[in-house]
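Reader: Hello! Could you walk me through a structure, one question at a time?

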Amino acid sequence: MHKLKALLKSHKARQYYLVGLLVFFGAGYFWTPSFGQAPEPAASATVTEHVEHFVFFSPFVNPSYSVAEQYSLIAILIIAVAGLLYALMLAKQVYAADTGTKKMQEIALAIREGADAYLGAQFKRIGPLIILITILLAVTFTGTEEAFRWGRAGSFLVGALFSWTVGFVGMRLATAGNLRVAAAATRSYGEAMQLGYRTGTVTGMLTDGLGLLGGTIIFLIFGVQAYEALLGFGFGGTLIALFMRVGGGIYTKAADVGADLVGKIEKDIPEDDPRNAATIADNVGDNVGDCAGMSADIFESYEVTIVAAMILGMATFGHKGVIFPLLVRGIGVLGSIISTYTVKAGPNDTSDTALHSVHRGFWIGSIISVVGFFVLGALYLRFDPQYLLDNPVALAGFPAAGPGALPFWANLGVIGLDLRPAITCLIGVFLAIGLNKLTSYYTHTMHAPVKSLAKACTTGHATNIIQGFAVGYESTVATIVVIATSILLSVLVYTGTPPLFIAYGVAMAGIGMLTLTGNTISMDVFGPVADNANGIGEMGYDPEEMERQKPGNYKRARQILADLDAVGNTTKAETKGIAIGSAVIAAVSLFSSFIAVIAVGSEDKINTMTIDQYLREAGKITVADPTVFIGFLIGGAVPFLFSSMLIRAVGRAAFYIVKECRIQFRDIEIWEGTKKPDYGRVVDICTNTAQKELIGPGLLAIMSPLLVGFLLGPYALGGFLAGMILVGQLLAVFMSNAGGAWDNAKKMIEDGIYGGKGSEAHKAAVTGDTVGDPLKDTAGPAINPLIKVMNMVSLLALGLVLQYNIISPKIAEGGSAASTFVIGMIVILAAAAAIAWAVWQSKRDDAVADSLGE
Amino acid sequence: MTIHYYMLCYRFEALVASQLPPDDFGPYMAVGTRKNTQGNTLFFEIDPSLHSTYFRLNDIPNTCVRHPDGSPKRSKYISTYRVLEHLDPALMGKLYLTTADGRVLGLEASQYGEPQNGSGPNLFQELCPGSPMVVSNLTPSAFNTYMTDPNNPVSVPRIFFADLLLERDAAGHLAGYLPYENPEHVVECIRELEANPRKQVKNVARATHLHSFFRTVRRGFFLGDQNGMKFYKFPSKEDLDVKYHPWWHSASESIAT
């Protein structure tokens, strides 16, 4: 028995387990078409009718698709693969680089092992859940087209697998890149900077490539009826991103706070001191939080925005409305490939020139993309009379006299041309830039808000906290103004058309916003890579040996790493605004899909919806209806409960780490530096507690829309989503910006103002940073996927909600009111129980926490 | 086992016998073995041939012995009062600076060459026997002479002090990186000194909490009386960054007093 247990715990067994799950996931996906094609017993005449209409790979067999469109779709696939090959090429470059001294390699290995252990453990925990949800998605399918039953479930699996792959590869590369950046810093600034950035680019291009590949393949398989499969694909990515964000956020901050509490506060030892048992866990945390978590988060934004655009594209402009977002994404991938390769630095550059190079890369990518949107738009977005005849809903998207009546700015005087989708993409690019600048303004040391915080530190801890709240609150208003302006511009672009077309415009803005995902993720991942490289330099460099070999080299290398760390902090902060903004844009777009499904009563009938139906149902989601208002209130409260759970989880996990570090510090040999601490123990504690703690918030995210929907009905669920989107966005921006501002105010003081490190002002700044840490790195970022998971759950469950809610159920043919009520109540009770358990779980007191005072 | 003598000279003065060598004694004093003690520690290594009629040293070979479990005797306090004045500076060897987390840096005494423009204002941190912070127009050697002059109404027989950084900007404010408590008061004291050239020393604080103390040391440490002065040069920034990196990293990151 013991042998069996040992085997199960062994590294090999874990590997086999992971490979097994991977095979299962892959097989599940590739199996799906055969499931879909399998002849199903006809439950009703309607089902039979739909089976007859549905054809796999319709874009290649349906005559309404032109040859040019078919070639375009193939070209998009090739571009997606090219993005992946580019990522592979960069990964090879990174792995081929010098790996430094043995000591540096040992430290990097410890970080890598910790990061691998974390993701392995997470995969083990959520793998079964993913399989369960896959089965549930298949079983609970309420549509009439059987092909979509497993299409939806299979796409969910693939979405989850892709999201996990992006997180895993991003983290793996980061843990390989950090060592090589530290080694390269001993030779040249440019080499180190380029390696760090390219490490991030691998993850960025993987996100681009997989996101585009997934969306395109689903469309090729399911055609204009890909709605269900796309939702499954988006939900898979989003759910994994939520778990990665939540788990990574808890891990990174628990390790950070635990390391600081014992190291800096109790023992007064510097950060990254090898005697501190939590040091490696702290570095691992940077990777699981900022690499795996953020990469998965942006990947799901990438997925969800394209899912939203494709769904709305189908419901509005027909297949042209679907193919154009894919084409735009293809251009974005090309833009990212070209622009990320231009990011370079010279051997003696500084952080200013390096940052300039990164920003120049972003601008080059933006210009390529914008030119690409318009050229593609001019060539492709032609709506001739035959197309409008085949897609009558599309006609509503034009002024009364048809495409010819569009103003000059929308068609450049060419009859039938419609450049509005390209224009809304451009709005998205501006939105990304606007949010970048705004985040930078509120969190960068060169601007007034952070300076005001640093100054507030001179009068004490409380004034710093008060000022931080003020800065954070103000930043939410500014962000709302920017997002609302971009939505308003989309409204203006589609003036005179029904709301569904405006929603398509908003979705296209989301597409434009995330066009340069490759660059965005490169910038984000560069942050933790540079941070870790600095830690490896601190722990792994041999100053005397380096000076002996080349006088001045040690100091120069440390300066390079410090500069890169500073550049990484800036680029990382800039991308946070995009992550939050994209969540809102995607959520707004999905909200329109939500109304569309209510309007037609079933997901697979969405392309049969009329504009009147949409307007009628949209009008019912009003706060004048008390149930909608209640839903709105509950939706607004959920992000607070979710944040509370995460912040408590960080505190609880930190307790365990503090206890372990204290025990290890009692070993005099560890304290004297003659014996290596057991880093693995703390890594294990972080890994296990983070996995344990993510279940509660995950349940809240999945169960609360179900509870509201089944208890209060679909319109209340609409209210719930609206409240949740608004409050979630405000809270996420507040937490990210206030936390970022507190962090940088501390850095500003440490760089030498108001007394520098160790001064009274510094102590106040440390307090602010400590308060802000779980806000900006745990709760704030996790709200992005929360918003989308709740939207996705609501959309996926909407068919069931319409059928089984206890307020106004649409009783199925052959069903009875009593059985419908019972089913509804079972779901309500199960959801309520799960939420109650999650809340109870988040408040429990641990014996470990109690024993800390002993 | 060899018995070492140490003189603790920061925050309180004491003569201690120990079986630990300096590199182990420092961490022991800074952090203890099992107790969570904190703070920077400064101590001199005293010549083991120490003989004194003032201190009770006769019993030390019998009391400073290994513990029953074989571990060395870490500290045996000999005196905790007026120690500095009763120790011959010639017997005082290396000065050890220990950070709050127990990193030790030993400094040898060296010749002090008073710079031509060494006069004030200077910021001195007295470390033993008292611990006020003062600003002065005097050079370190003149300050040593002034403070140990018995004709001076406020004097001590022997003094140990450090010379602290005092960079100021064009407006006369202290440089931003200096972590002194109440920096404006430091500036006020300097201005008072500048306004009254006859005043040689101005007290800034009676008992100072020196956050990040080692980060503020300028030229080094001075131990002197009317007969002379020993100088313990603080390493250059270059050497601190490279040769003494672990110590300096610990010292500059620490926020302990």
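Reader: Which domains does the domain assignment of chain B give?

Author: Happy to start there, and do keep in mind that this is a predicted model. The domain assignment splits chain B into domain 1 (4–107) and domain 2 (122–253).

Reader: How many residues of domain 1 of chain B are in contact with domain 2 of chain B?

Author: The centres of the two domains of chain B, taken over C-alpha atoms, are 24 Å apart. Across the contact, 19 residues of domain 2 of chain B are met by residues of domain 1 of chain B, whose number is 17.

Reader: Which strand supplies the largest share of the side of domain 1 of chain B that touches domain 2 of chain B?

Author: At least two residues of that side come from each of β1 (4–10), β5 (92–98) and β6 (104–107) of chain B. By nature, the residues of this side of domain 1 of chain B are ten nonpolar, two polar and five charged. The largest share, three residues, is supplied by β5(B).

Reader: Over in chain A, are α22(A) and α28(A) roughly parallel or roughly antiparallel?

Author: Helix α22 (residues 553–600) and helix α28 (residues 760–804) of chain A pack with their axes 9 Å apart, at an angle of about 10°. Angles under 35 degrees count as roughly parallel. Therefore the answer for α22(A) and α28(A) is roughly parallel.

Reader: How many residues of the contact of α22(A) with α28(A) are nonpolar?

Author: Residues on the α22(A) side include Ala583(A), Leu590(A) and Phe594(A), and among those they meet in α28(A) are Ile787(A), Lys788(A) and Leu798(A). The contact of α22(A) with α28(A) has one charged residue and four polar ones, and the number of nonpolar residues is 14.

Technical notes
Residues are numbered from 1 along each chain as its sequence is written. Chains are lettered from A and ligands numbered from 1 in the order in which they are written. This is a predicted model: local features need pLDDT of at least 70, side-chain atom pairs count only at pLDDT 80 or more; totals for chains, interfaces and linings use all residues. Axes are lines fitted to C-alpha atoms, for helices over the stretch in contact, and angles run from 0 to 180 degrees between N-to-C directions. Helices (H or I, at least four residues) and strands (E, at least two) are DSSP runs, numbered from the N terminus. Angles under 35 degrees count as roughly parallel, over 145 as roughly antiparallel, 65 to 115 as roughly perpendicular and the rest as oblique. Two residues are in contact if their C-beta atoms, placed from the backbone, lie within 7 Å. Ala, Val, Leu, Ile, Met, Phe, Trp, Tyr, Cys and Pro count as nonpolar, Asp, Glu, Lys and Arg as charged, and the others, Gly among them, as polar. Domain bounds come from an automatic or database domain assignment.
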